[in-house]
Amino acid sequence: MTEPTTQGNPDYRDSGLVFPPGFTFGSATASYQVEGAFDEDGRGPSTWDTFSKTPGKVWNGDTGDVACDHYHRVDADLDLMKDLGLDAYRFSIAWPRIQSFDGAAGSPTAVVNQKGIDFYSRLVDGLLERGIKPVATLYHWDLPQALEDAGGWPVRATVDAFEEYASIMGAALGDRVHTWTTLNEPWCSAYLGYGQGGHAPGRHEPAAALAAVHHLNLAHGRAVSALRATSAGSPEYSVTLNFHVLRGAGDGAADAVRRIDALANRAFTGPMLKGEYPADLLEDTASVTDWSFVQDGDLAAIHQPIDVLGVNYYSTATVRLWDGVSPKQMNDGHKGAAGGTAWPGSDRVVEFVEQPGPYTAMGWNIAPEGLEELLVSLSEQFPEQPLMITENGAAFDDVVAEDGSVPDPERLDYLRRHFTAAHRAMARGVDLRGYFVWSLLDNFEWGYGYAKRFGIVRVDFDTLERTVKNSGRWYAELVRERAIPD
Ligand code: FCB
């Protein structure tokens, strides 16, 4: 085991720091990653079912067919959350459980599936009974396959379908959900799904990726309005973005950073929080698309007030202008390469430079200072916008001890450093409302299958048995004491 350290910031490792009483400590999962029960109770296929069953797409041929079997073990998992003392649980709803689609590709018609709704209704009730706030994400990447067959996110009809789905969920759970999150990481859905191809549906179409960006933005705005119109309670509204914290290198570093910042960050915060696309984004991508899919009224529809902005953070990235000659280092900054590009318009201009370590088992560099910097930067850009860390955590190759316990000092250290960073950001005036550790359970890590473990609870994928790791015990103490334990 490598000794946990962090580059340049040996002091990001504090204890005793106290969080304010209203601060929300949670943990997160996503439907396709944990539920399993892929064909039960009326659930139709999603793009991730199709993708994971396509040879060569996911490590070892792993699929989410069984995953953590959370669908059947929901009561035990709820008890686990209660034992950990969580204030909140962030989960996602599998759209293909809620509506089934008939009809030819191109004109799918949807039928509401009550059994799917009932599952989430029971989950929400189970959380409330245990004093845990339900934080529900409508879309964490499992698009109904019929909608992909009809064009997927690059076509506008998918936005209409999403709005209808949002209305159904608002009516079904809006009396009890504490926070609605529309989308998880639309960056991944658009650019990895339709550009780079490492995520479902695995297409390599740069122009389609940008159309998907816009339609996901529009889906967010329309869903906020639909949820508001249908939710009987007074939930909060949010969206979760995976911000890229960028460093520049070499000549023209500022331009490289500006380009990637436009594609990765401002393509979403621009329309969602300011009601406009950044002019430089449109210029940088002009050779790929003319953005004629943006229609009158769209930006106003996207620009909805939200109560809290969800922030996912794992590591930093360094970019520089490519010299056009040397072998190009191109990746998506996070999720491995898959043939296409995640950076339409900049793929022949910018390259990613390897980050200095230490690294997690994902190969992602450990940089807690990046989290502090990101939170401070967001609160400077959007001073009125409360923030919530909706994902942060780390994969390491855990070893089960002889007594069955799971000592995971590297994950514990990673969390300590990032909670320290979050606390420092708050001390600098950032309005940070909460922090969700990714993930409650080891689970299906997309293209990496079950090879990468992010859980604070271990899942034995042969027996499906759960074991709280040492990091999970440490986190439970943090939640109990409201202060970073020794
Ligand atoms: C995020 C995803 C989440 C998980 C973590 C490690 O990008 O939202 O589902 O895969 O990365």
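A polar contact here is a pair of N or O atoms within 3.5 Å; within protein, one must be able to donate a hydrogen and the other to accept it, and residues adjacent in sequence count only if both atoms are side-chain atoms. Keep that in mind for the ligand.

Some ground rules. This is a predicted model, where local features need pLDDT of at least 70, side-chain atom pairs count only at pLDDT 80 or more, and totals for chains, interfaces and linings use all residues. Residues are numbered from 1 along each chain as its sequence is written, and side-chain values use heavy atoms, with hydrogens and water left out.

Confidence next. pLDDT is the predictor's confidence in each residue, from 0 to 100. The chain's mean is 95, and 96% of its residues reach 70 or more. Residues 1-8 fall below 50; beyond near neighbours in sequence, that stretch has 20 contacts in the model. A contact means heavy atoms within 4.5 Å.

Now the ligand. Which residues are closest to the ligand? They are Gln33, His140, Glu185, Glu445 and Trp446, out of 12 that surround the ligand. To be near, a residue needs a heavy atom within 4 Å. By class, the shell holds 5 nonpolar, 3 polar and 4 charged residues. Nonpolar covers Ala, Val, Leu, Ile, Met, Phe, Trp, Tyr, Cys and Pro; charged covers Asp, Glu, Lys and Arg; the others, Gly among them, are polar.

Look at the polar contacts. Each pairs a polar side-chain atom with a ligand oxygen: Gln33 at 2.7 Å, Glu445 at 2.8 Å, and Glu391 at 2.9 Å. On its own, the ligand has 290 Å² of accessible area, and the protein covers 98% of that. Those areas come from the Shrake-Rupley method with a 1.4 Å probe; for residues, only the protein chains shown count as cover.

Three residues to finish. Helices are DSSP runs (H or I, at least four residues), numbered from the N terminus. Is His70 buried or exposed? His70 is buried, because its relative accessibility is 3%. The cut-offs: buried is under 20%, exposed over 50%, partly exposed in between (1.4 Å probe, protein chains only). His70 sits in the loop between helix H2 (47-52) and helix H3 (74-84). Its contacts more than four places away in sequence include Asp77, Tyr89 and Arg466.

Arg122 is in helix H5, residues 114-129. At 51%, Arg122 counts as exposed. Asp75 is 47 residues from Arg122 in sequence, yet 9.3 Å away, C-alpha to C-alpha.

Last, Ala207, in helix H9, residues 206-230. Ala207 is partly exposed, at 33%.

Notes
Helix = DSSP H or I, 4+ residues; strand = E, 2+ residues; numbered from the N terminus.
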